[in-house]
Structures are given as structure tokens and as C-alpha cells.
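I opened the model to look up its nonpolar cores, one annotated domain and one surface patch. My notes follow.

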Amino acid sequence: VKSDPPQKILSMMSSLKEICSGLPLDPLPSNRGRDPDVPHAPIRTPNLTAEEKRLALRNALRYFPPSHHATLAPEFAQELWQYGHIYMYRFCPTLHMRAYPIDQYPCRTRQAASIMLMIMNNLDPAVAQFPQELVTYGGNGQVFSNWAQFHLVMHYLSEMTEEQTLVMYSGHPMGLFPSLPSSPRAIITNGMVIPNYSSKNQYEKMFALGVSMYGQMTAGSYCYIGPQGIVHGTMLTVLNAGRRYLGSDDLRGRVLVTSGLGGMSGAQAKAAVIAGCIGVIAEVDEAPLRKRHEQGWLMEVTSSMDQCIKRISNSYYFVSFREAKSSKTPLSLGFHGNIVDLWERLLLEYERTGELLVDLGSDQTSLHNPYNGGYYPVRLSFHQANQLMTTDPNRFRTMVQESLRRQIKAINKLSDAGMFFWDYGNAFLLEAQRAGAEVEKVGGGATEFRYPSYVQHIMGDIFSLGFGPFRWVCTSGDPQDLSITDNIAATVLEEISASVNNQIRQQYNDNIRWIREAGKHKMVVGSQARILYSDQKGRVCIALAINQAIADGRVSAPVVISRDHHDVSGTDSPFRETSNVYDGSAFCADMAVQNFVGDAFRGATWVALHNGGGVGWGEVMNGGFGLLLDGSEEAAKRASLMLNWDVSNGVARRCWSGNSNAYETIQRTMEGNRQLRVTMPFPVQDERVLDRALQG
């Protein structure tokens, strides 16, 4: 970015100024329709009545003066009929979407400019899964519901002062409202539906009507940083799975089989190689498979099952499962085909030879959205499945459920033979159970299945120590700033790790290794961003050190700090983030809501609260934040106050539920901060007390 010639920068700034001038109405932009050169979201099937279609059209037209209704109404109606939603393609900007340097946005406050930068990064075609449908990841994780909303939001942000807050209702900008300089500059809610009406069928209708939206996690909160975020989380999951299931830190020669190479799942290939194992990932859609290969995240690709299982070719990287396993060569292999076929072939190989070719297994298909492109049934090509999805949804549903049963049957047999499988929190086991697959855990609770979720067995204890996905974005767009902040973060963690216990030191060491090697793995896609897992002390110290580097001029522009909603405190999700909460509160959402509110009045630049995310609509409440570090003392005060709350809230809740790691963590935190006072639980030490009381 810094090497751009002045004329190019002026042209960019002029284009950004045009984007921020409001809806382009005089004249209307030409209707170019959908771009055939970018991937597009599956056709939605909201099953609206005639009156509901009329209402959807009426709702869309209210963004425009009546003088344009006669022109826009027919094309909006066509979009609703053809795609199941009114995206307003006519208003999709021609400007290339990306995270432009913060000083190029025409704003009155840098806080507003930082939000604009993050929005445009979420819609960057290199980052977004379906950019023209405003979907960042997960198949249906929307930034906005339509392009009119994008234009209005950018306009409001360009006009905003430090005494106003932008209020966002499920993608719709309700407007700028007076507030305090200490208030958030944006308050975002997505999918806040009355609980009895928070069903997936109701969602499809509400989204088609333009009145609610599924923001996934960091799509609707403007905090996505590309698949780098999930690369790191997946790497930590695989490393800790090896420690738990295989009893080793050394994963060389070990095979992980999974599926999905989309917006989030695309990280699996890179994570497997960084962890040192052999990752084999099935994907039915050739477009994301090619994308990951071109990015260098997939080392090799094949559509031949025989080549995948046996020998692929004689080139340097192309080795067979067996060759890679014996030579202990890290490998990421993309199989262009259905994961069910792959699991069944692995089972067949085991039954024929007695050789178990897979050590670890999981799944990252988008099963929060199983019947609208999140999961593709076996026996159909990708194209055939997309057709059936819209022409015969009931048959498509039946075939998805049949495939889930087959997939689980093969996994069960391989698991009995010694493979270790876990659910990745994508509703895989939940939907498999609903399909009638054999996933029940005998004597298990409401959130337990035959296989654990990765939170229950792997990441839950890490969360309870206060560790979670902390991230930052260098708003200059300068890779040198990212390199400097990487070094700052690693140095901070190295200093802290010298005085912690072995359990915490192991987590620090994993993340120091990650951050020291991050540059060579070339994981930046879109904005100059980084992620690592840190506990409360690490997050605060890193934020303050980066803020000081901005003040000193070592970092050339402000930095946005954030995190994934998938964190210690950010998400109440009984089948993922809170699946290891066993006191009966796993289905309660107080933690996520309290986090959203607490972040707002402790200094966040913007906050978001969502229904859905990861496991799906109606299954999760989650929230996140963005906070701009600008080198000021005020920014340091905000970061310290907010980050301490943002972690302690979740650790306190996990402590109260009975988690011993969380108990010890919050005790240490209280010892370091006398203003923090948490209600601590007294465990029942003698179960006979309960027995006698209940018998009486």
C-alpha cells in the first residue's frame, strides 16, 4: 500500500468518497446483475406466501424514493423469485473491496474509519465466500442483508462524530443517535428474535423479508480476518488432540481426515501441516478447493479415490497415505469428492487389510445450514445437489440425512478400530442425531454424544484458563507494522511465560511458536491481521504494548484489537463453546449478553450480539467487539478495563459451573486485582448428603 503512486491513492480516495456519499440515485447505477466470475450463495427457498412476497418487495423499496419504485420493483421481484432474497445487485459497488489504509477513508473520526476498514475487509473477494451476496463465511454469514444497507452504513460512518453512535438492527442501519465520547461508535445486533420464533424455517422467511439476518460470528460484527483465525485455532486443537488421544506432541506420520475447504474450514489444510501431520480434506465444490490450492494452503489436490488412498504420483509432494505415513512427511491433500465416500473407502481398506490409515477424524462442513448448501449428500454431483436443493427440497433433506447416517456408520466402525473422532462444533453430531444416526452416548447429558466436542475434550480447559482467540489488525495496511506487532506480542508472551505454571506455560509456548513462525506461513488474506491464543494477562499486556508502539511511532497507524466470538466469554453454545458446562446452565445465554453489555460501557469502539453462529440459528448466542488503539492514554485505559472484563466474565461463569481450571484461574486473577470480587462455589464433598436428602 505504501508503494502506491500518489495518483493511485488519490483515485482510491475519490472512489471511497463516492462510496460514502449515500445511495447512488441520480442517476441510478446500471444493473449489471450477478458477476459470473465470483462464487455465489446457494439459492434460498424461503417458501413465502403471495402476501409475504408482496411484503418483502415493499420492505426493499422503502430504502428508495417513490420516483425509483417503478424501475426497481420488477428487478427486486426477479431477484426474490430467482435467488430467494433481494440482494439489490444493481447497487453492488464497482470499487474493488478491500481494507484500504485508515487515512484514506473520508471520516470525521478514526474510530468510524476503523469500522469502515473492517467492513470492506469482510467484503473483499479474497476474503468473502460469496462477496456479491454479502456473505463472508459459513455459507450464510452476512455482513448486511442488501447493498442499500452497505451504502447507508458507509455514509453514516463518514458523517459520524465522537458524540454519535450508529445503531444496527440485523444489517439495517437504524441511524445515528446522540451518545457520549466514551460510548461505542456502533452497536450491532443480528437475529434478535423472540425465542419461541427462533426456528430455522422462521429465519428463512425473516431473512427474505429483510427484517432479520444471520451474522454468523465475525461476519456481522465486521471482525473476520480471513481463514488465518481458524488456522490457529485448528492447529491448537490438533496439537492438543494429539496430546490427549495419542499421548504425543509429535504428530509426524499421523493422519487427520476431515471435510470442508470453505471460508472457515479452508484453514484445516494449513493447520494440519503446521501441526506436522498429514491432513486429508474432502470438498465437493471445486471452487474453494482450487482457491486453497492457489493460496498454497493445500499442497496437492486429487479427484481420484485410488490416488488418494494408494499412490498419487511420483512427484516430490505427491505421496500416498501409506508413503506419507511411513516417511512422516507433513502433507495437506485435498480430495475433490464427498466425505462419505472417503470415510467408507477408509473403512473398506481397514476391513481388507487390517491397516487403520487414519488416526484422527473430524468434520467442518457447514451443518448449521444442512439443507441450503452447508452439507452435500453422497450419490449426487455438486451441480445435481444444487438443483435438487431448489426443485425438491424434501428429497434433498432425505438424502442429506441418509448421508449423515452412512458417514456416522463408517466413523463408528473406524473408531471402534482405534481412530479418535471429535465434533468440531459445527452441529455435525447434532444433525446426525436428528437424522437418526447412532451417536447417542449412553447415560450422557443433553449436550453429550458418543463423541466429544472439541470443547469438551480439548479446548474447554484452555478456555477455562482464560485462553482464547485474541487478534489485531494494522490499519495502515503495511506488512512492516504487522511484523513489528508480531514481535511485540511474542516478546510479551515470552516475558510472562517465565513466571507461570507448566500447564499455562505449555499454552504460551504453543502461541510463541505460532507467532514467531507466522510470517513464514504467509497466512495474511485481506487486512494485515494476526491472531493468537492468550489469557487475560497476555491480552492486556499485548494491547498496551502495541498502543505504546503507536504512541512512539514504531507502528505507523492505529491498530484494531478484537477476538473471535468463539472465546472464553463471548459465546453461549450448548453444543460447542459451553458444551463442557455441566451444572444445567449450558442452555442459558446470560454470559454472552452480559459480555456484550459490559464491553460496551468499558471502552469498546463497537460491540455486536448475534443469534446463531457456528452451530446455527436458534442454537447459539454470541457477541464480539472491536477496539481502536491509537496510541493515546485513553485507548490504553479502555483496553485494560475492557479486556480484563472480557475474559474474567467467562472464567467466573465457568468457575461457578464447577470447572477446577477456571476456579484456580479466577482465584489468581482476584489476587492480582483487589477490585475484582467473584462469588466462588462450594462443592458438595459428600455425595451421601444428596442421597439421604432425596431419599427422605
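Which residues of the largest nonpolar core touch the most other members? I found Phe-76, Ile-119, Tyr-222, Trp-472 and Ile-561, out of 150 residues in that core. I take a nonpolar core as buried Ala, Val, Leu, Ile, Met, Phe, Trp, Tyr and Cys residues joined through side-chain atoms within 4.5 Å. Helix α7 (residues 228-246) gives the largest share of this core, nine residues. I also noted a second, separate core of 49 residues, which includes Ile-278, Leu-347, Leu-429 and Val-615.

This is a predicted model: local features need pLDDT of at least 70 and side-chain atom pairs pLDDT 80 or more, while totals for chains, interfaces and linings use all residues. Residues are numbered from 1 along each chain as its sequence is written, and side-chain values use heavy atoms, without hydrogens and water.

I checked the contacts of Ile-561 (heavy atoms within 4.5 Å). Leaving out residues up to four places away in sequence, Ile-561 touches ten residues' worth of listed partners, among them Phe-470, Trp-472, Phe-625 and Leu-643.Next I turned to residues 97-223, where UniProt, in an unreviewed entry, places "domain: Urocanase N-terminal"; such annotations may be inferred rather than shown by experiment. Over residues 97-223 the chain is 28% helix and 18% strand (DSSP runs of H or I, at least four residues, and of E, at least two). The end C-alpha atoms are 15 Å apart.

Thr-136 lies in strand β1 (residues 135-137). Thr-136 counts as buried because its relative accessibility is 0%; buried means under 20%, exposed over 50%, partly exposed in between (1.4 Å probe, protein chains only). Its contacts include Asn-122, Gln-129 and Tyr-224.

Last, I looked at Val-684, in the loop between α23 (660-672) and α24 (687-695). Val-684 counts as partly exposed because its relative accessibility is 46%.
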